[in-house]
Amino acid sequence: MRRYIAVDIGGTQVRAACYPASKLKSIKIARTTTQATDPEDPVTSPLERIQNLIASIWPADGKVCAISVAAPGPINPYQGILVEAPNIPGWINVPLQQNLSERFKVPVVLGNDANLAALGEWKYGAGKGHHHLIYLTVSTGIGGGVIIDDRLLLGANGLAAELGHTTVMIDGPLCGCGQRGHLEAVASGTAIANWVEAELSQGVQSILPIDKPVSAKRISEAAQKGDKLCIAALARAGHYIGRALADFLHIFNPSIVIIGGGVSKSGPLLLDPMYKAMQEHVLNPHYLDGLVLTTAAFGDEVGLVGALALGRTTYPDCRSKKS
Ligand SMILES: [Zn+2]
């Protein structure tokens, strides 16, 4: 029986799983830290660590259709190059596809993790049956993926759908990318925490614990308990995401918008203001006809599921690359 290997590379952790030809439950799964942290495990090269991890779950009969990899940051999926990996120092222009295919002698495909999360939700999750989909992940940053006409939007260099880096506030707060006023700089988990900290420093009252760092998770918990400042912080983020979503509706006209990432777990406190702002800023109500706004089906595992979706979509019968 042929199998697919999916790999999810994160800044701190790498996961790899072996899947059967059609089901979603993995046969074998393993994880390691992206960089050496344990003296018992001294391999320092992230590439070698990834290779070792894949080897550890490789099926005994060696029958693998493809390896598919989800990686953070800009990727060139056509050339199989990881252009730059945030949080992995020195990882610039890594020819990951070539490296892994030479080592394991099977086809290798590569994709940006947020793009592949969109693909995973579309193929196996909340977006099943839709042909036009927008996926937005709101966590420490904001990432996105777009499916149009049943195809993942990649762009000329594979850099499309960076929905979090859309300007929503001219000359606004500094974004992690170095530009100002991007959605990520205003409405990500990090941005929500920064805004709450600024309000606290102005003397605004809150039930947030003063002895612990302010985080999006703590803000969400305090908001659920009725804390006015934290409710306002989530509503503010939701508002900006909703306004950006209205723009995305104008550009892509999807039938479903899926919100994933840790901050989406705040539920209606984030999603209601988001939906309201989206409705208020859409240029024509027909964009909302039949539109589904929902949260993601997958949590943390979406990187592996997305990579799996890429592998199976690209090599559906283990031989041909889908055009
Ligand atoms: Zn940015």
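Buried means under 20% relative accessible area, exposed means over 50%, and partly exposed lies in between. By that scale N253 is partly exposed, because its relative accessible area is 46%. The model is predicted, and N253 is a good place to enter it.

N253 sits in the loop between α7 and β12. Its phi is positive, about 45°, although N253 is not a glycine. Most residues other than glycine have a negative phi. D149 also departs from that pattern: its phi is positive, about 50°, and D149 is not a glycine either. D149 belongs to the loop between β10 and β11 (151–152). With a relative accessible area of 55%, D149 is exposed, because the cut-off for that class is over 50%.

From N253 the path leads inward. F248 is in contact with N253 and P254, and also with I134, L136, L163 and T166, leaving aside neighbours within four places in sequence. F248 is itself a member of the largest nonpolar core, which holds 42 residues. Those that touch the most other members are L136, I219, I241, L245, F248, L249 and I259. Several elements each supply at least two residues: strands β9, β10 and β12 (256–260), and helices α4 (183–187), α5 (189–201), α6 (216–224), α7 (228–252) and α8 (268–281). Helix α7 gives the largest share, 13 residues. There is also a second, separate core of 30 residues. Among its members are Y4, V109, L152 and A309. In soluble globular proteins, nonpolar side chains tend to be buried together.

Now turn to the empty space. Rolling a probe the size of a water molecule over the atoms shows where such space is left. The largest pocket encloses about 1,500 Å³. Its lining counts 42 residues, and P72, D113, T137, S139 and T140 are the closest to its centre. Two or more lining residues come from each of β1 (3–9), β2 (13–19), α3 (113–124), β9 (133–138), β10 (142–148) and α9 (302–314). The largest share is from α3, with three residues. Strands β9 and β10 thus appear in two settings: they give residues to the pocket lining, and they supply residues of the largest nonpolar core.

What is the make-up of the lining in nonpolar, polar and charged residues? Polar residues number 21, nonpolar residues 13 and charged residues eight. Two domains take part. Domain 1 (3–113) and domain 2 (126–295) each contribute at least three residues to the lining of the largest pocket.

How values were computed:
Residues are numbered from 1 along each chain as its sequence is written. This is a predicted model: local features need pLDDT of at least 70, side-chain atom pairs count only at pLDDT 80 or more; totals for chains, interfaces and linings use all residues. Side-chain values use heavy atoms; hydrogens and water are left out. On a 1 Å grid over the protein atoms alone, a cavity is a set of points where a 1.4 Å probe fits but cannot get out, and a pocket is an open set with protein on both sides within 12 Å along at least five of seven lines; lining residues have an atom within 4 Å of a point. Grid points are joined across faces, edges and corners, and a volume is the space filled by probe spheres set on the points. Helices (H or I, at least four residues) and strands (E, at least two) are DSSP runs, numbered from the N terminus. Ala, Val, Leu, Ile, Met, Phe, Trp, Tyr, Cys and Pro count as nonpolar, Asp, Glu, Lys and Arg as charged, and the others, Gly among them, as polar. Domain bounds come from an automatic or database domain assignment. A nonpolar core is a set of buried Ala, Val, Leu, Ile, Met, Phe, Trp, Tyr and Cys residues joined through side-chain atoms within 4.5 Å. Buried means under 20% relative accessible area, exposed over 50%, partly exposed in between (1.4 Å probe, protein chains only). Contact means heavy atoms within 4.5 Å.
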